[in-house]
Every structure is written in C-alpha cells, then in structure tokens.
Amino acid sequence: MARVLSRQEAAATAKRLKDEGKALVFANGAFDLLHVGHVRYLESARREGDFLLVAVNSDSSVRALKGEGRPVVPEGERAEIVAALGCVDAVVIFPETSPAGLIEEIRPAVHAKGTDYTRETVPEREAVERHGGRVAIVGDPKDHATTDLVARLRGRA
C-alpha cells in the first residue's frame with residue numbers, strides 16, 4: 001500500500017524522483033466516496049509517468065468547495081482508501097481549495113486532470129508549465145460524480 005506523506009515528505013520525494021530522472025505525476029481531488037470514475041482517472045494518470053502522487057483535499061477544503069454536509073468520509077480515511085489503490089504510489093492531504101501552491105512546491109513533471117477539463121481550462125496549468133511540467137487530461141468521460149451519488153443516497157435525485 002502507498003504511504004500517506006506529510007507535505008514536507010511529498011516535496012522531498014518529488015525532489016528525489018527528479019534527481020533520479022523519474023517523472024512524478026500529480027493528481028488531486030476530494031475522493032469523498034470512491035467510485036469507478038476516480039479509479040479510471042487515477043489508473044490513467046499513473047500511465048503518464050513513473051510515480052503517482054495523489055493530493056487529497058482536507059475536510060475543510062472539501063466543505064469550502066462542496067458545501068455543508070461534505071465530506072461524507074473524513075480526510076484521513078479518504079487518504080488511506082486512495083493510498084490502497086495499486087496505481088497510487090503516495091498520497092498527501094492539502095488544506096487549500098486549489099492545489100496550485102502544492103504544485104509550486106512539488107513541481108511535477110505531469111499534472112493529470114479529469115476529462116471535465118481541457119488543457120486550456122486547467123486552473124493550475126500556469127503553475128505546472130512554469131516549472132517545465134505538462135498537463136495531461138486523463139480518465140473516462142465524467143459520467144460519475146460523488147455529488148450525484150450523495151444526492152441519491154439522501155433521496156434528492
């Protein structure tokens with residue numbers, strides 16, 4: 001199983017990989033209720049390089065992005081579940097609503113985003129490209145959403 005790293009450990013890992021000439025792939029998300037879309041996104045992201053680091057939004061950042069009542073699953077458990085996936089090499093929890101600051105620290109070779117984005121609409125694209133990285137759009141069509149699943153479970157859909 002992959003390890004859940006501190007922010008400092010993630011940055012040190014990224015530096016070590018770069019020194020070894022390996023490509024670190026960075027993916028991020030809330031991963032509140034893991035579904036097949038998440039798995040396909042992360043498996044596709046892993047194929048973009050040598051090491052997949054997944055940044056999981058903290059509880060406070062999920063709440064700020066998704067509203068009260070979210071997340072359903074606490075950050076430590078979400079990170080542990082994502083880390084258990086075979087395609088994931090390491091996980092880090094981040095408190096911001098945007099991963100741009102973490103991207104500036106990690107400087108990934110590849111920033112993998114889901115198919116609900118285009119290369120031009122990725123908010124963190126400039127932060128990635130500023131350090132010589134590239135953006136990759138990965139995964140299957142965005143036909144799966146935790147927000148929709150939560151609404152169904154709560155009887156709203």
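This is a short tour of the structure above, stop by stop, with something to select at each one.

**Before you start**

You are looking at a predicted model, in which local features need pLDDT of at least 70 and side-chain atom pairs count only at pLDDT 80 or more, while totals for chains, interfaces and linings use all residues. Residues are numbered from 1 along each chain as its sequence is written, and side-chain values use heavy atoms, with hydrogens and water left out.

**Stop 1: the sheet**

Start by showing the strands. Helices and strands here are DSSP runs, numbered from the N terminus: H or I over at least four residues for a helix, E over at least two for a strand. You should find an open sheet of six strands in the order β1-β4-β3-β2-β5-β6, with parallel pairing. Two strands pair if DSSP finds at least two bridges between them. Now colour β1 (3-5) and β6 (134-137): these stand at the edges with a single partner strand each, so one side of each has no neighbour in the sheet. Look along the sheet as well: neighbouring strands are turned against each other by 30 degrees on average, direction ignored. That angle is taken between axes, which are lines fitted to C-alpha atoms (for helices over the stretch in contact), with angles running from 0 to 180 degrees between N-to-C directions.

**Stop 2: from β2 out to β6**

Select β2 (residues 24-29) together with β3 (residues 51-57); these two pair in the parallel sense over six bridges. For one such link, pick V25, whose bridge partner in β3 is L52. Moving on, three bridges join β2 to β5, again running parallel, and A27 has A112 as its bridge partner in β5. From β5, four bridges lead to β6, also in parallel; here V110 is partnered by R134.

Stay on β5 (residues 110-113) and turn on its side chains. In a regular strand, side chains alternate between the two faces of the sheet. Both faces of β5 are covered, with V110 and A112 on one side, H111 and K113 on the other, and all of them buried. Buried means under 20% relative accessible area, exposed over 50%, and partly exposed in between (1.4 Å probe, protein chains only).

Then click on N28 in strand β2. Is N28 buried or exposed? N28 is buried, because its relative accessible area is 12%. Beyond its neighbours within four places in sequence, N28 is in contact (heavy atoms within 4.5 Å) with Y41, A55, F94, P99, H111 and K113.

**Stop 3: V91 in β4**

Next, select V91, which sits in strand β4 (residues 90-94). Its relative accessible area is 0%, so V91 is buried. Add R3 to the selection: the two residues are 88 apart along the chain, and their C-alpha atoms are separated by 6.3 Å. With neighbours within four places in sequence set aside, the contacts of V91 include R3, V4 and L5, as well as L53, V54 and V56.

**Stop 4: R78 and the loops with it**

Go to R78 in helix α4 (residues 75-83). R78 is buried, since its relative accessible area is 1%. Neighbours within four places in sequence aside, R78 has contacts that include F31, D32, D59 and P71.

Two of those partners deserve a click. P71 is in the loop between α3 (59-66) and α4, and a cis peptide bond joins R70 to P71, with omega about 0 degrees. F31 lies in the loop between β2 and α2 (36-46). F31 is not a glycine, yet has a positive phi of about 50 degrees; with a relative accessible area of 4%, F31 is buried.

**Stop 5: a pocket**

Finish at the second largest pocket, with a volume of about 240 Å³. Of its 17 lining residues, A14, K18, I106, R107 and A109 are the closest to its centre. On a 1 Å grid over the protein atoms alone, a pocket is an open set of points with protein on both sides within 12 Å along at least five of seven lines, whereas a cavity is a set where a 1.4 Å probe fits but cannot get out; lining residues have an atom within 4 Å of a point. Grid points are joined across faces, edges and corners, and the volume is the space filled by probe spheres set on the points.

The elements giving two or more residues to this lining are α1 (7-19) and α5 (100-106), and α1 provides the largest share, five residues.

Last, select R107 in the loop between α5 and β5. R107 has a positive phi of about 55 degrees although it is not a glycine, and is partly exposed, with a relative accessible area of 46%.
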